[in-house]
Amino acid sequence: LVRNPLEVIPSFLSMMQFTWRVLGAPAEGPELRNYLLRMARYWYDYPLQYLEKLPEHSYVIVNYDELVRDPGATVTQIYQRLELNISPVFAEVLQRETDKARGYQSQHDYSLEDLGLSREQILDEFSHIFERFGFDTKKGQEA
């Protein structure tokens with residue numbers, strides 16, 4: 001599962017700041033931010049390095065936005081790629097989840113600046129991910 005770093009990084013940092021505050025640990029400053037950026041880099045890079053060693057037909061990389069937008073079609077494509085069958089009962093579940101997904105709108109909005117981040121920093125640090133998956137580098141910018 002792969003998602004645009006401009007969405008992942010601020011969401012993850014915000015969640016971890018909250019968690020660290022609850023635990024009584026310092027939640028601000030460059031140490032936490034830099035640590036979390038290293039973690040995120042590993043989350044992107046390690047699976048891709050591992051998957052390169054496997055036969056291409058034995059795995060599927062799923063775009064998060066596609067899964068959220070149309071879980072039924074995405075899961076169906078995964079099953080087809082892996083040559084698996086979808087039972088009628090599971091097909092019904094997929095349809096229900098797809099119908100629910102159509103009405104979903106995230107309420108989360110993160111300010112990169114408030115988190116001590118910049119768009120340029122994320123674009124630079126994860127340039128290989130933006131290039132490989134064609135993620136929108138303008139995501140979240142005000143028009």
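**Entry 1: Glu83.** I began with Glu83, which I found in the loop between H4 and H5. I kept in mind that this is a predicted model. The backbone of Glu83 has a positive phi of about 55°, although Glu83 is not a glycine. I then asked whether Glu83 is buried or exposed. Its relative accessible area is 72%, and Glu83 is therefore exposed, the cut-off being over 50%.

**Entry 2: helix H5.** From that loop I moved on to H5, which covers residues 88-101. This helix has 14 residues and reaches 20 Å from its first C-alpha to its last, close to the 20 Å expected at 1.5 Å a residue. I looked up which residues of H5 are buried, and noted Leu94, Thr98 and Ala101. Seen down the axis of H5, these buried residues fall within an arc of 60°, so they line one face of the helix. I next looked up what they pack against, and found helix H3 (64-69) and helix H4 (71-81). On the face of H5 turned away from its buried side I listed the exposed residues Pro88, Val89, Glu92 and Lys100.

**Entry 3: the largest nonpolar core.** I turned to the largest nonpolar core, which has 21 residues, and noted that those with the most contacts inside it are Ile9, Leu117, Ile122 and Phe126. The elements that give two or more residues to this core are helix H1 (5-23), helix H2 (30-51) and helix H7 (127-133). As a general reminder, I wrote down that in soluble globular proteins nonpolar side chains tend to be buried together. I followed Ile122 further: leaving aside residues up to four places away in sequence, Ile122 touches Pro5, Leu6, Ile9, Pro10, Leu112, Leu117 and Phe130.

**Entry 4: Glu7.** I then looked at Glu7, which is found in helix H1. At 17% relative accessibility Glu7 counts as buried, because the cut-off is under 20%. Which residues does Glu7 touch, not counting those up to four places away in sequence? I found Asp65 and Lys139. Glu7 and Lys139 are 132 residues apart in sequence, yet their C-alpha atoms are 8.1 Å apart in space. I also noted that the side chain of Glu7 makes a polar contact with the side chain of Arg3, at 3.1 Å.

**Entry 5: Asn63.** Last, I checked Asn63, which lies in the loop between H2 and H3. Asn63 is buried, with a relative accessible area of 17%. Setting aside residues up to four places away in sequence, I recorded that Asn63 touches Leu1, Val2 and Phe135.

Technical notes: Residues numbered from 1 in each chain as written. Predicted model: local features only at pLDDT ≥ 70, side-chain atom pairs only at ≥ 80, totals over all residues. Heavy atoms only, no water. Helix = DSSP H or I, 4+ residues; strand = E, 2+ residues; numbered from the N terminus. Expected span 1.5 Å × (residues − 1). Buried < 20%, exposed > 50% of the residue type's maximum accessible area, 1.4 Å probe, protein only. Arc of directions from axis to C-beta. Contact = heavy atoms within 4.5 Å. Core = buried A, V, L, I, M, F, W, Y, C linked by side-chain atoms within 4.5 Å. Polar contact = N/O pair within 3.5 Å; in protein donor to acceptor, adjacent residues only side chain to side chain.
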